[in-house]
Amino acid sequence: MVTQYQVTHDLKYNFKASGCPLPEAQKLFFGSMVTQYFQVVEVVYRYDLDCVPSKYTNNKLGFIQNPQIDKTCQKKLTIPKDMKSPIFVYYEIRGFYQNHRRYVTSKSEKQLMKKSYESETESCSEEAKTSNNATIVPCGLIAWSLFNDTYGFTIEDKPLPINKINIAWQSDTKNKFGSDVYPQNFQSGSLLGGAKLNSTIPLSEQEDLIVWMRTAAMPHFRKLYGKIEQDLKAKDVITSEIQNNYNIYGFDGQKKLVLSTATWIGGKNVFLAVAYILIGGICFLLGIVFILLYMYMPR
């Protein structure tokens, strides 16, 4: 059996043998992480305010709930630095509590996995049956509130395609959503919560839905919309066409369009850096407290 002492000893030996003392190796590692963090290039555009006509500035809810109003919005975005493909396209929502207990449990995992369980809607407290008592597939509030804004891009009057294949976790598409389960009676009521689903495509291939149903732990989150598989140069100007359909005005939320590159440690994530610093600081302070207790109050 390999003991903790042996592992620690081997690590120290390997670092010393390579001519790199352990503290230096740590500095190089964390320095590399910081460097990689700043190599990530992002373009962030908040559009929930700009994409509302001026005459609806004081009545945003009336604007978004009126199906007769065109929700198309265009914005030119300038690329600040070279962006190597793949460039990830995210939508960011702020103020949406997907982690609410009632919301996060409003789905039927059995129904999502197998056609034989399509009538299993007990865990879907809302959006389980239609007014005619027909079963809704997929049921529940999570699916019903599916994000339905859409994005399109052009550069020099040429389309800039967005690849929406393989944007969901492979474990979800294979293990949580069935290839024999198809949408039924979805968004068929008078009150629409979000996007509709193609009833001819199985849930295992509806990747926008799969991404959305992996609920966020925090009220501010990003979800992957697609990928641009083309390099973009610094100072390139791309035109984004946005369909501003999703209602965040009822709860004073925010919506942002994000273009981002990634490195071996992923994209920009300030939360992890802050969390590590806070935990490290707490551990450091506790260490000092224990040392003082040991010095002044020995056993």
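Here a colleague and a modeller talk through a predicted model, asking why its features get the labels they do.

Colleague: Let's start broad. How many helices and strands does the chain have, and what share of it is buried?

Modeller: The chain comes to nine helices and eight strands. Of its 299 residues, 36% are buried. Also, if you take contacts between residues at least 6 apart in sequence, 78% of them join residues at least 24 apart.

Colleague: What makes tryptophan 212 count as buried?

Modeller: Its relative accessibility is 0%. Buried means under 20%, so tryptophan 212 counts as buried. Phenylalanine 221 comes out at 7%, which is also under that cut-off, so it counts as buried too.

Colleague: And why is the pair of tryptophan 212 and phenylalanine 221 called edge-to-face?

Modeller: Two values matter in general: a pair of aromatic rings is described by the distance of the centres and the angle of the planes. A search of the whole structure finds 15 aromatic pairs. For tryptophan 212 and phenylalanine 221, the ring centres are 6.3 Å apart, and rings pair if their centres lie within 6.5 Å, so they pair. Their planes stand at 65 degrees, and over 60 counts as edge-to-face, so that's the label.

Colleague: Which aromatic cluster are those two rings part of?

Modeller: Trp212 and Phe221 sit in one cluster with Tyr91, Phe96, Tyr103, Phe147, Tyr246 and Phe251.

Colleague: How do you know that the charged end of arginine 214 sits over the ring of tryptophan 169?

Modeller: The charged end is 3.7 Å from the ring centre. The distance limit is within 6 Å, and the direction has to be within 35 degrees of the ring normal. Arginine 214 is listed as sitting over the ring of tryptophan 169. Lysine 110 does this with the ring of tyrosine 117, at 5.6 Å from its centre.

Colleague: What is in the largest nonpolar core?

Modeller: That core has 60 residues. Those with the most contacts inside it are Ile93, Tyr151, Phe153, Trp212, Ile238 and Leu259. In general, nonpolar side chains tend to be buried together in soluble globular proteins. Take isoleucine 238: leaving aside neighbours within four places in sequence, its contacts include Phe153, Ile155, Leu160, Leu232 and Leu259.

Colleague: Two of those names, Phe153 and Ile155, are in β4. What makes the side chains along β4 alternate?

Modeller: Look at which way they point. Tyr151, Phe153 and Ile155 point to one face and are buried, while Thr150, Gly152 and Thr154 point to the other and are not. That fits the general picture that in a regular strand the side chains alternate between the two faces of the sheet.

Colleague: How do you know that β4 pairs with β7?

Modeller: Count the bridges. Two strands pair if there are at least two bridges between them, and β4 and β7 have six, in the antiparallel sense. One of the bridge partners is glutamate 241 in β7, matched with glycine 152. Strand β5 also pairs with β4 in the antiparallel sense, over three bridges, and leucine 160 in β5 is the bridge partner of phenylalanine 153. The hairpin of β4 and β5 has two residues between the strands, and glutamate 156 there takes a positive phi near 55 degrees.

Colleague: Now the open sheet of four strands. Why are β1 and β6 called edge strands?

Modeller: The order is β1-β8-β3-β6, with antiparallel pairing. Strands β1 (42-46) and β6 (220-228) each pair on one side only, and that is what puts them at the edges. On average, neighbouring strands in this sheet are turned by 20 degrees against each other, direction ignored. β1 pairs with β8 over five bridges, and arginine 46 stands opposite lysine 256 in β8.

Colleague: Last one: is lysine 235 buried or exposed?

Modeller: Exposed means over 50%, and lysine 235 has 71% relative accessibility, so it counts as exposed. This lysine lies in the loop between β6 and β7, and has a positive phi of about 75 degrees although it is not a glycine. Asparagine 185 also has a positive phi, near 55 degrees, but at 33% relative accessibility it falls between the 20% and 50% limits, so it counts as partly exposed.

Definitions and conventions:
Residues numbered from 1 in each chain as written. Predicted model: local features only at pLDDT ≥ 70, side-chain atom pairs only at ≥ 80, totals over all residues. Heavy atoms only, no water. Core = buried A, V, L, I, M, F, W, Y, C linked by side-chain atoms within 4.5 Å. Buried < 20%, exposed > 50% of the residue type's maximum accessible area, 1.4 Å probe, protein only. Contact = heavy atoms within 4.5 Å. Axes fitted to C-alpha atoms, helices over the stretch in contact; angles between N-to-C directions. Phe/Tyr/Trp six-rings, centres within 6.5 Å; stacked < 30°, edge-to-face > 60°.
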